[in-house]
Each structure stands twice: as structure tokens, then as C-alpha cells.
Amino acid sequence: MSNSIDLKKNNQNKVYRYIYENNGPVSKYDLMEQLDLSLPTVNQILKHLTAERYILEKGTFNSQGGRPPKAFTYNPSLYYSIGLDITAHHVHSALIDLSGQIIVKRKERREFQSDKAYYDFLRAQSDSLIREACIDRRQVLGVGIALPVMMDMANQTPLHSDMTLFHLAALENFEKYLDLPCILCNDANAGGLAENWRIKGARNTFYLSLNNTIGGAILNNNHLYWGETYEGGEIGHVTLVNNGRLCYCGKRGCVDAYLSALLLSDQAEGSLDRFFEYLHARSGKHMAIWREYLEYLTITVNNLKMLFDCPIIVGGYVGAYLEEYIDQIRDMLSRRNTYHENADYFRICRYKRFSTAVGAALLNVEIFLSKV
């Protein structure tokens, strides 16, 4: 009996995921052919998923003779998820639907403190997103919380957090105050998940996060590769310059010491926006800083390309400003790379400053997709 129930559940999940991942209307005949299911099985599953509003009828396809086949798509507004990108000084928050589309977003300056006042602030932020989106709280799958630390995903505990402000960040505190299921994750892994989500043809990518701290995420066959000790993709502490600048980790020459967003904002009264304003005004000081930054960035990106041989997506705080410099960066990469005359593999993030919040929220969507 249990085998029969498991088979029915697995078939239902296959049907729903196919409709979801196809990113467009499908017919029952598509499902029969692609999933090797019988017509009665497909009809039964579609009837159930339609009744529960997991999927919707979206008109019909052109008839090939006889009655036009119905078109089905998934319902992106059935559930929602909240993502919080928490840093030492700010919180980016986003509420997304099942497609990953941002419904509401905001950025607030708030110093991280593991105390009641801070968690009350996060609860107020989350409640505000829900109200602004005009949805029922019961439609929220949960809250994904991205932190700038490596994360043991199995045990939901920060790793090596003694080097940061986040050693007291605990899952139970977030769940207690937010009163929703929560999941913790590393900020770069969250950003990488968001940027690779449902891109047709995307399989393997490396996401380079240029925030106040530098991180990376490896995506293999559209799935995050965490590493055996959850340290996969930690490019920020790869040595870039032997015995170079001091990094916050205590070592010298780390990528983080050469690509942190703070290197730019600290030269512009603490504002990245202002740094690029100075750059546009052709300030000699800031142009020199930017040239050096791009040199170290292209060395890092070229190293990643040679190691992983896949598209490199750059995001984070600095990544949000790179669109206008993409031709310059690709030209620098082409001159540095041994094998490639162009650098089409170098790409800019889609979600800009909210990649991390969106990716954190998508972790709840992933869990939902696995259980339909």
C-alpha cells in the first residue's frame, strides 16, 4: 500500500515540477510523452492539482483535429516566500512569489545585534512586506535568512563565525520572533541560487559576490554545491597576492582584501553611490582606485574561469554597478585568458542589489517544490 502511495506522490511531483520548470503552458499530452505516464494517471493528477489551485488552466492549444487540448500552467500566486539579506549594517528584504518575482522589496539601515530589539525589527519588516503585498500570512512558506558567514546547512549553524559579528545568530531566535518557518544560509550561496534560478540552458555557473565581504557559490546542474564541509566556493579567502594586504580573517593577500566593496565606499564617505558619482565626474583619485580594482577583479574572474570552465556571474553591492563597464571588463579578461578571444562567459547579476534576499527566499520555494 505504501509503495502505491509513494508512486502516486512521486508522479504528482513529477507532473507539477515539469509544469513549473517548463515555464509556460503544457498540455496533458506533453506530460504523457515527456514523463511516460498514462492518460488516466495524468488526468487524475491534473484534476487534483487544479482543484487545489497548484495549477491553472490557461486556454487551449491549437487543435490538430478534434477538441483543442487544454493548456496548463502553475499558479505563481498560490504561495509566497520572504528573504532577508542581513549584513552588519543593513537589511535587504524581499517578498517573492513562486516564480521568484519580487512583489515587494526594501532596504533599511540597521546595525546587527542579536537582541530582542533587532529581532522585533525583523518581525516588523516581514509583517510590513506581507501587508504591502496584500496577502494572507498563511500563504507565506517561510523566511530565508542570508548571513555573511559560511553555514552548516544540515545543522543550521554558522561556521567560523567567531571572525564576524554573527556568532550569536541562531535559528531558534529568528523563528521565535518571526513566527514563521526559517532557514539560514550563506549570502553568496543565496545570491548564486537567485541568479541561476530557472534560466533556460543554465547548468553550471560560478557566482561571485562582491559585497563588503567576498563570497562565491558553485552551481552544478542548477544545484548548489555546498562542499564537504560547507565551504565550497569560498573565493574570498583564496590567496590573490602572496604576503599582501591584511584581511579581516587575519591572513594576508586574500581576495577579500582586494575586492571588498568597502575599498570603494570607504573612499567616498561610506557610499558606493558616491564613489561612482566621483568616477563619472572623472576624479583622478577614484579612477586610479577603480583601475586597480578592475585589475584584481579580472585576475580573480579569469582564475575562476580556468578552474571551473563555466559562466561567471558577478553580483553583490559592486556587481549592481558593473553593467556600464561590462565591455571594458570583457576586454581585460580576453587579454588575460589563455584560450578565449572573447569573454562572453562573464555576466552581470539580474537581481542587482536584491539577489541575496531573493535567493534566501527561494530556499523555501525549493522545499515547497520537493513536497508537492
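Two strands count as paired here if DSSP finds at least two bridges between them. Keep that in mind, since a sheet is the main stop on this tour. One more thing before you start clicking: the model on your screen is predicted.

**The whole chain**

Start zoomed out, with everything shown as a cartoon. You're looking at 13 helices and 14 strands. Turn on the C-alpha trace and you'll find that the chain spans about 70 × 55 × 40 Å along its principal axes. Its radius of gyration is 23 Å, which agrees with the value near 21 Å that a compact globule of 372 residues would have. Now try a surface view: about 18,000 Å² is exposed, and carbon and sulfur atoms supply 48% of that. Of the 372 residues, 53% count as buried. Among contacts with a separation of 6 or more, 61% come from residues 24 or more positions apart.

**The sheet**

Back to the cartoon. Color the five strands that form an open sheet, going across in the order β5-β4-β3-β6-β9. The pairing in this sheet is mixed. Select 102-109 for β5 and 182-186 for β9, and you have the edge strands, each pairing on one side only. Ignoring direction, neighbouring strands here are turned by 15° against each other on average.

Next, pick residues 90-97, which is strand β4. How many bridges join β4 to β5? Seven, and the two strands run antiparallel. For a close-up of this pair, show alanine 94 and look across to lysine 105 in β5, which stands opposite.

**Two helices to add**

Select 171-178 to bring up helix α5, which packs on the sheet. Helix α5 touches β3 (80-86), β6 (140-147) and β9, and its direction makes about 135° with that of β9. Then add 187-196, helix α6. That one lies across β6 and β9, running at about 95° to β9.

**Last stop: glutamine 125**

Finally, select 116-133 to light up helix α4, and find glutamine 125 within it. Is this residue buried or exposed? Its relative accessible area is 8%, so glutamine 125 is buried, given that the cut-off for buried is under 20%. Show the side chains around it to see what it meets: leaving out residues up to four places away in sequence, glutamine 125 touches Ser93, Arg106 and Glu108. You've already colored the strands these partners sit in: Ser93 falls within residues 90-97 of β4, while Arg106 and Glu108 fall within 102-109 of β5.

Key
Residues are numbered from 1 along each chain as its sequence is written. This is a predicted model: local features need pLDDT of at least 70, side-chain atom pairs count only at pLDDT 80 or more; totals for chains, interfaces and linings use all residues. Side-chain values use heavy atoms; hydrogens and water are left out. Helices (H or I, at least four residues) and strands (E, at least two) are DSSP runs, numbered from the N terminus. Buried means under 20% relative accessible area, exposed over 50%, partly exposed in between (1.4 Å probe, protein chains only). Contact means heavy atoms within 4.5 Å. Axes are lines fitted to C-alpha atoms, for helices over the stretch in contact, and angles run from 0 to 180 degrees between N-to-C directions. The radius of gyration is taken over C-alpha atoms; the globule rule is 2.2 Å times the number of residues to the power 0.38. Accessible areas come from the Shrake-Rupley method with a 1.4 Å probe; for residues, only the protein chains shown count as cover.
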